[in-house]
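Reader: I would like a close look at one part of this structure. Please start with the strands and their hairpins, then move outward to what surrounds them.

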Amino acid sequence: MQSLEVRIMKTKWKNASSLELNGGNQQDANDLCDMITVLKGRRPGSTPNSDSGMWAHSMTVQDYQDLIDRGWRRCRPLQFQPSKSHKKVLKKMLKFLAKGEVPKGSCEDEPMDSTMDDAVAGDFALINKLDIQCDLKTLSDDVKESLQSEGKNSKKEEPHELLQTQDSVGEKLGSGEPSHSVKVHTVPKPGKGADLSKPPCRKAKEIRKERKRLKLMQQNPAGELEGFQAQGHPPSLFPPKAKSNQPKSLEDLIFESLPENASHKLEVRLVPASFEDPEFKSSFSQSFSLYVKYQVAIHQDLPDECGKTEFTRFLCSSPLEAETPPNGPDCGYGSFHQQYWLDGKIIAVGVIDILPNCVSSVYLYYDPDYSFLSLGVYSALREIAFTRQLHEKTSQLSYYYMGFYIHSCPKMKYKGQYRPSDLLCPETYVWVPIEQCLPSLENSKYCRFNQDPEAVDEDRSTEPDRLQVFHKRAIMPYGVYKKQQKDPSEEAVVLQYASLVGQKCSERMLLFRN
């Protein structure tokens, strides 16, 4: 956490930016008076509840980009690889869409990453649960004889643990089973290994690989086994892993083909957050009803706290000025709602800002009836994939911003699981890989991430007199404005603002002073 957080989230902000008033009119001035954007936080040594704030009238996408680069965290989607639990969420969605499968048990929409692997190294009891079957006809004659002779002496014995040595495989017939279907159990070959009384230690990763190879052999047992033996290897049930078996990309997992008779249809629509857009306007009522349902169920808001006015001000009336430059994405820059339509109705809405260098995630609300689909995780993965898609046309747009990372808060800490990602150093405003930051955050809530003691904020406010102020319907440099002020506390507030937004933004944006 930085010493003074710039709250640019839509929950607190309406986003400040440059105002091209050039004299303006009384209504413009009145509008400015109604705007208050909150800068929340405190510096070391300040009073615990001290707040300061500002409000915004309108904002260019570049100003917003520069501001969030002074108080945020970001993910690098171009290098992003979904974790095991991310893949589970995507597969869960695919199963639901394809077959209508609903996961059993409670599935809350919460961070899904686990710190545990699928198996623990050396946990052979887990492997003993496997019931692997193969066809004797596909095995070589000597393996068949071994199976049959061993099976005669083992019908009354307890099953051995499933183990595999590098030199041979021993198999064991299940009791009373027909000869064409056997249960395969292997034991350490006598005379091999450092400790003859114990099986060799196995890594969980190797065990999982063997399980996968067994599955491949079941699908094409003859070809796999014969091909393996033809290379001069001893008979084995575990053929080498196919070289073409590459891990699926995020896009492969999201856009995997569904059968023609799929149980459900999911469509994601991107609509500008503007009542001038016909699609946004036509879906507003349904989107608003979903928002109320979400806020009441998930955040325990009272229904009268979720009126259309509050919803519109919170998530629809964006101060970002939409732009469609020729070198930008086809959808342009600005604020958008990414609507998730399931079978003709909206079940989730992701509010995002598309900026020159990033997609910034603002808010998500969803139908609590579909919490079992982990829509929070699913939407984040879709937004990462969407960022990669935009990058193909707009090369500089290559980051995904998820807001603040708060290491001590579990509901915010999950953001660190979308990697690779960076945290912003609160003193030098440079991006630092999160792995380098975590040890420091374990020891202190506030810390400098940049390890270079000589490094400073390159965009720090060095000439505050050039800061632009809007006062009495006139635009003036702060150097002129401060000569008219008699309040000794005024300078401290303005300088604090300048230090937060940086020199560039302070010269482009207008700070309204009454």
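Author: What follows begins with one strand and its partners, then turns to unusual backbone spots, salt bridges and a charged patch.

First, the ground rules. This is a predicted model, in which local features need pLDDT of at least 70 and side-chain atom pairs count only at pLDDT 80 or more, while totals for chains, interfaces and linings use all residues. Residues are numbered from 1 along each chain as its sequence is written, and side-chain values use heavy atoms, with hydrogens and water left out.

Start at strand 8, residues 345-354. Helices (H or I, at least four residues) and strands (E, at least two) are DSSP runs numbered from the N terminus. Nine of the ten residues of strand 8 are buried, so the rest of the structure largely encloses this strand. Buried means under 20% relative accessible area, exposed means over 50%, and partly exposed lies in between (1.4 Å probe, protein chains only).

Strand 8 has strand 7 (residues 334-342) as an antiparallel partner, over nine bridges. Two strands pair if DSSP finds at least two bridges between them. Here is one contact to find on screen: W341 has I346 of strand 8 as its bridge partner. Strand 8 also runs antiparallel to strand 9 (residues 358-366), joined by seven bridges. In that pairing, A348 has Y366 of strand 9 as its bridge partner. Strands of a sheet pair through backbone hydrogen bonds, either parallel or antiparallel.

Now the turns. The hairpin of strand 7 and strand 8 has two residues between the strands. The hairpin of strand 8 and strand 9 has three residues between them.

D343 deserves a stop. D343 sits in the loop between strand 7 and strand 8. The phi of D343 is positive, about 50°, although D343 is not a glycine. With a relative accessible area of 45%, D343 is partly exposed. Most residues other than glycine have a negative phi, and most peptide bonds are trans.

S374 also has a positive phi of about 50° without being a glycine. Look for S374 in the loop between strand 9 and helix 11 (375-391). S374 is buried, at 0% relative accessibility.

The backbone has a cis peptide bond too. R419 and P420 are joined by it, with omega about 5°. P420 belongs to the loop between helix 12 (410-413) and strand 11 (421-424).

The loop after strand 9 also brings us to a salt bridge. K293 and D369 meet through their side chains at 2.8 Å, N to O. K293 is in helix 9 (residues 278-298) and D369 is in the loop between strand 9 and helix 11, so this pair links distant parts of the chain, 76 residues apart. A salt bridge is a side-chain nitrogen of Lys or Arg within 4 Å of a carboxyl oxygen of Asp or Glu. K293 is partly exposed at 36% relative accessible area, whereas D369 is exposed at 52%.

A search of the whole structure finds 18 salt bridges. One of them joins R508 to D66, with the closest N and O atoms 2.5 Å apart. R508 lies in helix 15 (residues 490-508) and D66 in helix 2 (residues 61-68), so the pair ties together parts 442 residues apart in sequence. D66 is buried at 14% relative accessible area. R508 is partly exposed at 33%.

Strand 11 comes back here. D422 forms a salt bridge with R76, the closest N and O atoms being 2.9 Å apart. R76 lies in the loop between strand 3 (73-75) and helix 3 and D422 in strand 11, so the pair ties together parts that are 346 residues apart in sequence. R76 is partly exposed at 23% relative accessibility, while D422 is buried at 4%.

Helix 3 leads to the surface. K91, K95, K99, K212 and K215 gather there in a patch of positive charge. Helix 3 (84-99) and helix 6 (204-219) are the elements that give two or more residues to this patch. Helix 3 gives the most, with three residues. Patches are made of residues with over 30% relative accessible area and no salt bridge: like charges are joined within 9 Å, nonpolar side chains (Val, Leu, Ile, Met, Phe, Trp, Tyr) within 5 Å. K91 has its place in helix 3. K91 is partly exposed at 46% relative accessibility.

How values were computed: Accessible areas come from the Shrake-Rupley method with a 1.4 Å probe; for residues, only the protein chains shown count as cover. Lys and Arg count as positive and Asp and Glu as negative; His and the chain ends are not counted. The place of a charge is taken as NZ of Lys, CZ of Arg, CG of Asp or CD of Glu.
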